[in-house]
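Work through the following exercises with the sequence and the model open side by side. Each task is followed by a solution that goes step by step.

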Amino acid sequence: MLQVPPPAAVNRLRLVVACVLLAAALGGFMLRVSRDMRDFEVPWTTARRAAAVEPLYRAEDEHYQFKYLPAFAVLAIPLGLLPLAVAKGIWFLSSVALLVALIAFSVRLLPEKKKPVAFLTISAILVLAKFYARELDMGQVNLPFAVAIVGALLAMKAKREVLAVGLIVLS
């Protein structure tokens, strides 16, 4: 017998589909408009150095010095093994997916929703679009950290302390 999902599940599915479509449109726009992603070159370069067991922190890198723990460079080694253009594309698409996750997780984190979820989601996107676009354009690493921290908060809310600690350590 075919079961019909409850209306709340259908609305959530529509919201997820709308967010994915919006993210895909933004992703396509950003791929066309921007080829820069200069900030992404820092972890990519450092990942290559980590794979080659070279010093990660170098004064000659000037403004574009690696500023994170060595563990991040080790985690980024798979991206460092790829050609820069391919790694940028993967990073960009991953960042778009993480942005969708960040918005969805943030709405789920609210203690009570006095407005419809769609309204909250669209409001967040509209108010913060400039910052989201800049984050994607620069290729920064803030989105994985933010998703890990918000995920940790959700895990704490669900009383999943081990998962929360793992996500905090990861971030």
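**Exercise 1. Locate E135, decide whether E135 is buried or exposed, and find the nearest side chain of opposite charge.**

Solution. E135 belongs to helix 6, which covers residues 117–138; helices here are DSSP runs of H or I with at least four residues, numbered from the N terminus. This is a predicted model, in which local features need pLDDT of at least 70 and side-chain atom pairs count only at pLDDT 80 or more, while totals for chains, interfaces and linings use all residues. Residues are numbered from 1 along each chain as its sequence is written, and side-chain values use heavy atoms, with hydrogens and water left out.

Next, consider accessibility and charge: E135 is buried and yet has no salt bridge. Buried means under 20% relative accessible area, exposed means over 50%, and partly exposed lies in between, with a 1.4 Å probe and protein chains only. A salt bridge requires a side-chain nitrogen of Lys or Arg within 4 Å of a carboxyl oxygen of Asp or Glu. The nearest side chain of opposite charge is that of R134, 8.5 Å away, where Lys and Arg count as positive and Asp and Glu as negative, and His and the chain ends are not counted.

Finally, list the surroundings: apart from neighbours within four places in sequence, E135 is in contact (heavy atoms within 4.5 Å) with Q140, V141, N142 and L143.

**Exercise 2. Describe how helix 5 and helix 6 pack, and place S95 in that picture.**

Solution. The axes of helix 5 and helix 6 are 10 Å apart, and the helices pack at an angle of about 145°; axes are lines fitted to C-alpha atoms, for helices over the stretch in contact, and angles run from 0 to 180 degrees between N-to-C directions. Their crossing is right-handed, which applies if the near helix is turned clockwise from the far one by less than a right angle, an anticlockwise turn being left-handed. Helix 5 contributes F92, S95, V96, L99, I103 and V107 to the contact, and helix 6 contributes V117, L120, T121, I125, Y132 and L136.

Turning to S95 itself, this residue of helix 5 counts as buried because its relative accessibility is 4%. Leaving aside neighbours within four places in sequence, S95 is in contact with L136 and L143.

**Exercise 3. Determine how helix 7 and helix 8 are oriented, then examine K159 and S171.**

Solution. Helix 7 and helix 8 have axes that come within 8 Å and cross at roughly 165°. The two helices are therefore roughly antiparallel to each other, the term used for angles over 145 degrees, whereas under 35 counts as roughly parallel, 65 to 115 as roughly perpendicular and the rest as oblique. Helix 7 passes helix 8 in a left-handed crossing, and the contact involves A148, I149, G151, A152, A155 and M156 of helix 7 with L163, A164, L167 and I168 of helix 8.

The loop between helix 7 (142–157) and helix 8 (161–170) holds K159, a residue other than glycine whose phi is positive, near 65°. Most residues other than glycine have a negative phi. K159 is exposed, with a relative accessible area of 63%.

In the segment after helix 8 lies S171, which is partly exposed at 31% relative accessibility. S171 and P144 are 27 residues apart in sequence, but their C-alpha atoms are 7.5 Å apart in space. Not counting residues up to four places away in sequence, S171 touches F145, A148 and I149.

**Exercise 4. State how many salt bridges are counted, and explain what the pair D61 and R49 ties together.**

Solution. The count comes to 4 salt bridges. In one of them, D61 pairs with R49, and the closest N and O atoms are 2.7 Å apart. Because D61 lies in the loop between helix 2 and helix 3 while R49 lies in helix 2, the pair ties together parts that are 12 residues apart in sequence. Both D61 and R49 are buried.

Another bridge links R58 to E54, with the closest N and O atoms 3.1 Å apart; E54 is partly exposed, with a relative accessible area of 37%. Salt bridges that share partners also join R38, E41 and K88 into one network, within which the closest N and O atoms of R38 and E41 are 3.0 Å apart.
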